[in-house]
Every structure is written in structure tokens, then in C-alpha cells.
Amino acid sequence: MSIIPPADSPDTRLEAPSGDIDPRIDGNAGTESQWQLIRRRFSKHRLAMISLVILALFGFVALFAGFISPNDPGDVKARYTFAPPQGLHFIDRTEEGWSFRPYVYGYDVEIDPVALRRTFVIDEEKKIYLTFFKRSWEYKLFGLIPTDLHLIGPEKTRDPLYIFGADRLGRDMFSRVAYGTQISLSVGLVGVIMSLVLGVIIGGAAGYFGGWFDAATQRVIEFLRSLPTIPLWMGLAAAMPSGWSPLQTYFAITLILSFLGWTELARVVRGRFLALNGEDYVAAARYDGCSHGRVIVRHMVPAFTSHIITAASLAVPGMILAETALSFLGLGLQAPVISWGVLLQEAQNIRTLATAPWLLVPGAAIVIAVLAMNFVGDGLRDAADPYAN
Amino acid sequence: MLGYIARRLVTMVFTLLALSVVVFVVIQLPPGDFVTSYIASLSAAGESVDQETIIALRERYKLDSPVLVQYAAWLGDLLRGEFGYSFEMQRPVGEIFSQRIGISLAVELTAVVVMWAISIPIGIYSAVNQYSIGDYVATILGFLGLAIPNFLFALILMYVCYNWFGVTITGLFSAEYMNARWSLDRFLDFASHVWAPILVISTAGAAQLVRVLRANLLDELNKPYVLTARAKGLARRKVIWRYPVRVAMNPLVSTIGWVLPTVISSSFVTAIVLNLPTLSPILLRALLSQDMYLAGALILFMGLLTLVGTLISDLLLAWIDPRIRLGMVGAN
């Protein structure tokens, strides 16, 4: 594909100090690769850029969940059942003046003599100072490197630190949400990669070869899209043997999600193939005696990679929402595994919810992540075809 | 038109057959056949099962025959209206169905109607007043509606109602009307409960419908015929309602096809969170206890509902749009 020089190039050539450099000869002026154009267009979409930063943050939390979590997400502390969130304070005001020293207030526990219910009162007298790069409980970074370094932690390891509060068993919600990010985001990514493989192969074959195979896949796709997804997912998920290990369930769930999720991607890929099949340069490649594989990989795929990436990125939030719904209903990932849906299962009961509304924090994580992904997907869609006006 | 309806009906029958195969596979997936697991669960509860019942059950569902024969027997039963027996609930599946299906359909259909009633005016408003404050508010709410999973919205609604207004919004009837006969009082009680699930179910779909309608209408509004009509002195309101809105509605009718699967999926989750006496909690219980005959019949039924919905939407579209009726585009 030839790059058309900018319309104003004769003028700039006249005004340029060196005078006689033609932008068509100079390799850099006025010629940008397709990906540079896409990047430029994407960066104009302000909401998408902000969302990209948010997603990067989520990605960081997922990769370094152990480092970010001040407490072990599985650590049960009966003393702190349903402890409310402590506000983080950064500027410490003492008699000596102001200083940057993050702290939280400690708890006072009052036990109701009749109902034996514990009520937590934030005690403004007790300041729990926090230190950065604190060494406490051990975990494995990336599942490989054993370490006990954490971003933040109370100066005295025994002091409580519950930024998002504690759950029914006194486990730290903040750490649990961080660990849930790991599982929930990866389910979305792995599921989309699986459906991408299915969609590209099936949709590509249907679009390139056409004929009966195309007709058959079209029928299958129409059929799958006409089904109510959640009940069918549930049926497949319920058929999983209960004795499976968490890892097996994890892959089974992602497989189930992609089993119904590939149709949209296949549709996009097929449409692109059909559109490109009529292009002159594809016909030229074919008449030059290129094999099917070479025509597809060398000539056609580069023309629609950006469209596939867009479709895939728009499919990720759907996967995450589906996993969350399945796990929430108890048919997806199961309790020792931490995902956002599993965490929200704790919030099912209205009375628990009334005592501990902070159990809904994973829900906020879902909404923010899905919103950000939708915006990034929208931005990509607008940027995917940089040659369109 | 008749030929078109006939073609669509034949396709629907084939789709339904394909769905029944999928559902049968789902029923067969758990290891061991269900009579074995039924006996296992009974003996785990300390009850004994007499040999004759077991033999009768195995004979009834042709469990010792090849899979194809089992499938044929199951399908034959379904066609005769015998949906099998729920071991977990100790009742015929058909009985459970007839008890709850009315409420299920009522909730879902009302949700569809409300969804349309909300989304059409909002969609038209935000297209006509593009980039106005109202348009931005609608867009933001729409994005939120897409990003909040139904069950989370139901949970938040439950929390807000309970905490701020002291109202529990679970269920569809107050205790005294639970098993009462239909009367005006019972209906009013029903209406005072049903708004919550309807609100939850309709928002997600409404958010998408608004986006579709807004985009369609914006395309239409920029076409020369609108400009011509305005130039000839037709009032703005009259032009918009008489031409672009009607054209923009066409693609919206074709969305009924996917609106129904969405509504059924979301009503499924919502009904469980809000504890509604619909078919959904039964399906969840059946799935959790691997009561696969009941679950299979329910999934098949939900599939049938969506297929009927798609059929209706196709027929409506053909009725509205002669290009489709006459086989010019999209008829096959």
C-alpha cells in the first residue's frame, strides 16, 4: 500500500531551510507506519487514554498482588470479624508540626453484653503508623520467587491494617480484592485468547474458502447466538466433576466461556476475509502463484490485525462479567480460589450486607475494570482503521 | 409472506433439535448416570432403595440402551409433554413448570416492555439533542448500565432499600399473599414487589438499545432527505417523527432477537439474588445438585423462549420492512 504524501508537502518543501529535501525521498518526513497512525489516533481519545492508565494499574495489581497486599488474603483472624475499613491518612499532625507519615487509626472493640455482637469503633487516640517496603508474611512473586517484601505494612506487624475492611472471617478485603484481580483478569484474557484461536481459525476458513463450510459455520454461529448464554454456561459448569482441582476448574471455566464466546470474533474475521477476498492486491498475489497460507498470512492478515485486536479487546469485559456471574452463583470458581465473583458470594445475604457494606468493594473493582476496558475497546475501534476519514 | 413464515418455522424446528442435542449432552456430562447418583444420594441420606424401583427407573429412561436410543426416548417424552421427574424435589418436572411459568413469563415480558419504553424516548432524545447535557447523562448511565453486572445491581438496590428505606425487596409477594388466589389486593402486592426485578433486568438491555437507536438515528438525521424536508418548511418535530425515527426503528426491531436471550440470562441471575418464585432458582438448585433432567428441561425451555422471541422479531421485521418480506435482503 503506497503512502500518499501530505497535501501540503510542496509548501513545506519550499519553506524548509534545507530546501531541496523531498519528503517522499526522506524516509521519515510525512511517512508513518500504519501502527504509528493508529497510536496517534488512539492517543486523541482522552477517555481511552485515561482508561488505559487505569487498566495498567489493574495489571500491576494483578502481577504484584502479593507485594501490594499488606495481609495474607487467606489469614483468618476471628478478632477482626467484619472490621470496618480504616481511612488512610498521609500527613501526620503532631505537636512538632506536620510530616509525611502515613497512618491509620486503631480499633476499639465493644461487645454488646446482650446480643454478644461486636461493634468496632475507630479509636482516634491509637495511631498505627505504616512503613513502606515492610517485611511480613511470605509469598511467591509471580508464583516463583519466594519473598516477604510488601509495599506497605503497619510498623508493628501485629497491628491491624484493613484498608477495605475485613470479611466474615476477619480476612483483609484489600488483599483479597488484589488477589481476585489476578484470577478475574486472567480468566478474561485466557478466555479471549482461546476464543480468538477458535474464532480466527473457523471464521478465517469460512471467509477464505466460502462455500458449504461457510454456510455451515454461519448456521452454527446463528444457533449459538440465539441461546440464552447464562443458563447454558451454568449447565456446562454444573456438569464439571466436583472433585476437580482449582486449576482444572479454572481451565474448564475459561473453556466453557470461550466455547460460546468465539462466535463474535469468528464473525468479525469472516467479514474481513470476505471483504479482502475481492481486493485486487489479494487477487494479484494469488495469480502470482502464492500458496493459500502465504496469501493469508503475508497479504491478508496484516490488513485486519487491528480489527481483530479491537474485537478481542471488546470481548474481554464480557468474559470477566460472565466468570463473575458464574462464580457468584457458586457454579464457577470455588471458594479457596479468590476471584471477584467468589468474593461477592459473601455479600449475597442482605443482613451481612447491612452489617458490612464494604463486602461490595470487589463489585466496584468489576465496574471500574469493565468500564475502562469498554472505553479502551471503543478507542481502539475508532483508531483501528486510520485511513478512514 | 406465508412462504417466509414457513421457511422461518422450519429453521426454528431444526434449531430446536440442535438445542435438544446440546442439552442432552449437558445431561449426559456428569460422570455416572443419574439413577446411580440418585441411589448414591439416597443411601448417603440413610434411606434404602428397593431393587424394583431401580430396575423400573432404568427401564423407564432406557439407561441400558445405546446413547442414541436414550436420546430418542428422552425427546419422545418431551414431545408428549412428559418432562421427566425431579429427584431432588420429588415431583414431576411438568408440575414444577406449570406452577412457576406464569410468574416467570410475566416478569420477563414486563421487563422487555419497560426496557423499550425507557430506551426509545431516551435514544431519540439523545440523538436529536446530540452533545447536550441530557445526551451526556444518558451516555454515562448507559455505560454504567453495561458495566454493572445484574446481580451486583440487584445487591446494591437491595442494600440501598434496606439501609435507607428499611424495605426488603426480595420475593414477589408478601407472606400473607404467597399462596392466596389472585385478587386485586394480591395484584397490588405483586406490583409493589415486582418493580425491583423489572428495573434490574431492563437496565442492561435498555443501555444497549439506547446506544443502537442513537447511532441509527444519528445516521438518518444527516441524510439529505431530512434536509430537503426541513428546507421545504416542514416543522422539525414533524420531520423527525415522521421519517428518520421510523427508519431508525427497523434495526431496533431486529434486535428483539438478542434482547430476549439477554433478558432471560439477566432475569436468571436477578431472580436468584432477589429470591423470586420463578423458574430460575429452580434451575440453579437443579444444577447445583446435578438434578440434570430437571436442569435439561429448563435450559431447553429457556432456549425455546428465545427462539420464539427471535421468530416474532423476524416476523415483525418482515411486516414492517417490505424489502425483507419480498426476499430482497436477509430473507434467507
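Visitor: Which residues of H14(B) do residues of H1(B) meet?
Guide: In this predicted model, the H1(B) side includes B:Tyr4, B:Arg8, B:Leu16 and B:Ile27. Meeting here is contact, with C-beta atoms placed from the backbone within 7 Å. Across from them in H14(B) lie residues including B:Met292, B:Gly296, B:Leu304, B:Asp314 and B:Ala318.

Visitor: How many nonpolar residues are in the contact of H1(B) with H14(B)?
Guide: Residues are numbered from 1 along each chain as written, with chains lettered from A and ligands numbered from 1 in written order. In this predicted model, local features need pLDDT of at least 70 and side-chain atom pairs 80 or more, while totals for chains, interfaces and linings use all residues. Sorted by class (Ala, Val, Leu, Ile, Met, Phe, Trp, Tyr, Cys and Pro nonpolar; Asp, Glu, Lys and Arg charged; others polar), the contact has four polar, two charged and 17 nonpolar residues.

Visitor: How are H1(B) and H14(B) directed relative to each other?
Guide: Their axes are 10 Å apart. H1(B), residues 2-28, and H14(B), residues 292-320, pack at an angle of about 160°. An angle over 145 degrees counts as roughly antiparallel, so the two helices are roughly antiparallel.

Visitor: Which helix gives the most to the side of chain B that touches chain A?
Guide: Here 40 residues of chain B are in contact with 34 residues of chain A. H1, H6, H7, H12, H13 and H14 of chain B each supply at least two residues of that side. By class, the side has 31 nonpolar, nine polar and no charged residues. With eight residues, the most comes from H7(B).

Definitions and conventions
Axes are lines fitted to C-alpha atoms, for helices over the stretch in contact, and angles run from 0 to 180 degrees between N-to-C directions. Helices (H or I, at least four residues) and strands (E, at least two) are DSSP runs, numbered from the N terminus. Angles under 35 degrees count as roughly parallel, over 145 as roughly antiparallel, 65 to 115 as roughly perpendicular and the rest as oblique. Two residues are in contact if their C-beta atoms, placed from the backbone, lie within 7 Å.
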